[in-house]
Amino acid sequence: MGRDVRSLSAPPDTSKLLLKGLTGSIRKRGGTVSALPERSYLLLDQRQDLARLAAYDAVCGFTLRDEVAPTWLHVLTFPLQAALMAEDDFPFSLAGLVHVSNQMTLHRPVSVGEVLRLRVWAENLQPHAKGAAFDMRGEIHVGDELVWEGSSNYLASGVKMAGEPVKAERLVAPGVEPSQLWRLPANQGRRYAAVSGDANPIHLSPVTARLFGFPRPIIHGMWTHARALAAFGGRLPSAYRVSVQFAKPILLPGKVGFVSEPRGDGWGFAVVNREGKPHLVGELVAGAESA
């Protein structure tokens, strides 16, 4: 059976989708799962918003350039991801998902003036020691050319799925001293939510974060990913693949360090706390082969 392709005329409203995800969390909680919907969302002729890009770059530490960051392209796919996960037949609650890892490939530099075609879908449902895991996949084309692709692995805790859990290979953080220190203000989650559209309550305020078991709001994993790429500055190649794994959440306000070391044709890097324990571990390799 082929995948059902739903073509959209405009990006979905993520605030409404997140609210739907919260209200539907009780109905989708727990239970046994065996499949994901065979559906993808498609958005044609998407023009990029220069003002929003400038705000995104400022929040994430990028310099404003004609060529956009690959994490910005991920942000453009996020409304489609949220729309798919908020569907009634999607087996997991959007509000309860944990972002475990992210991989993306920038096949060539993408200009802010280019018109994009976006597509997202879910696949690779697998048993996990704590529930079930799956991948949200995305592709961006300019005309017929694939310029970016990404995959976010999510964990749905507390659900049951038949089979042996698959253990993912862990990335290794560099064993060096931080080259940069970042101070994150208490409103950093709200700032990133405003430019990314990801207004999950765990990122916004102490009150809403405590509802989900956090003593203070935590910063988005994809902000940390973006800030790490921005830390490389002019050292980033024109085409590369990057993989990150999210570990300990960063509480706001907070202070973290950035570490990196050359590895072969790329870099190993991490964002660490004052004891050197990682919040994020990443690997970047020059070239355009899919991650």
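**Figure 1. Helix 3 and helix 6 pack with their axes within 9 Å of each other and crossing at roughly 155°.** In this predicted model, the crossing angle exceeds the cut-off of 145 degrees, so helix 3 counts as roughly antiparallel to helix 6. On the helix 3 side the contact is made by Pro70, Thr71 and His74, which meet Met222, His225, Ala226 and Leu229 of helix 6. Sorted by class, the residues at this contact comprise four nonpolar and three polar ones, with no charged residue among them.

**Figure 2. Helix 6, spanning residues 221–231, is largely enclosed by the rest of the structure.** This description holds because 10 of the 11 residues of helix 6 are buried. The buried residues are Met222, Trp223, Thr224, His225, Ala226, Arg227, Ala228, Leu229, Ala230 and Ala231, a list that includes Met222, His225, Ala226 and Leu229, the helix 6 residues that meet helix 3. Just after the helix, Gly233 takes a positive phi of about 55°.

**Figure 3. Thr224 is a buried residue of helix 6.** Its relative accessibility is 3%, and Thr224 therefore falls in the buried class. When neighbours within four places in sequence are left aside, Thr224 is in contact with Ile219, Ile250, Val271 and Leu280.

**Figure 4. The largest nonpolar core of the model has 72 residues.** The residues with the most contacts inside this core are Tyr56, Leu73, Phe92, Phe134, Trp182, Tyr192 and Phe269. Helix 3, residues 70–85, supplies the largest share of the core, namely nine residues. For a closer view of Leu73, residues up to four places away in sequence are not counted, and on that basis Leu73 touches Val68, Leu106, Val110, Leu116, Ile140 and Trp148.

**Figure 5. Arg6 and Glu87 are joined through their side chains by a salt bridge, with an N to O distance of 3.1 Å.** Arg6 belongs to strand 1 (residues 4–8), whereas Glu87 sits in the loop between helix 3 and strand 3 (97–106), so the salt bridge ties together parts that are 81 residues apart in sequence. The two partners fall into separate accessibility classes: Arg6 is partly exposed, at a relative accessible area of 32%, while Glu87 is buried, at 17%.

**Figure 6. Glu145 forms a salt bridge with Arg108, in which the closest N and O atoms are 3.1 Å apart.** This pair links distant parts of the chain, since Glu145 lies in strand 6 (residues 145–157) and Arg108 in the loop between strand 3 and strand 4 (116–128), with 37 residues separating them in sequence. Glu145 is partly exposed, having a relative accessible area of 38%. Elsewhere, salt bridges with shared partners connect Asp4, Arg6, Arg39, Glu87 and Asp89 into one network, and Arg6 and Glu87 of that network are the pair described in the preceding legend.

**Figure 7. The side chains of Arg65 and Glu67 meet in a salt bridge at 3.4 Å, N to O.** Arg65 is partly exposed, with a relative accessible area of 48%, and Glu67, at 38% relative accessibility, also counts as partly exposed. A search of the whole structure finds 11 salt bridges, among them the bridge between Arg65 and Glu67.

How values were computed. Residues numbered from 1 in each chain as written. Predicted model: local features only at pLDDT ≥ 70, side-chain atom pairs only at ≥ 80, totals over all residues. Heavy atoms only, no water. Core = buried A, V, L, I, M, F, W, Y, C linked by side-chain atoms within 4.5 Å. Buried < 20%, exposed > 50% of the residue type's maximum accessible area, 1.4 Å probe, protein only. Helix = DSSP H or I, 4+ residues; strand = E, 2+ residues; numbered from the N terminus. Contact = heavy atoms within 4.5 Å. Salt bridge = Lys/Arg side-chain N within 4 Å of Asp/Glu carboxyl O. Axes fitted to C-alpha atoms, helices over the stretch in contact; angles between N-to-C directions. Parallel < 35°, antiparallel > 145°, perpendicular 65-115°, else oblique. Nonpolar A, V, L, I, M, F, W, Y, C, P; charged D, E, K, R; others polar.
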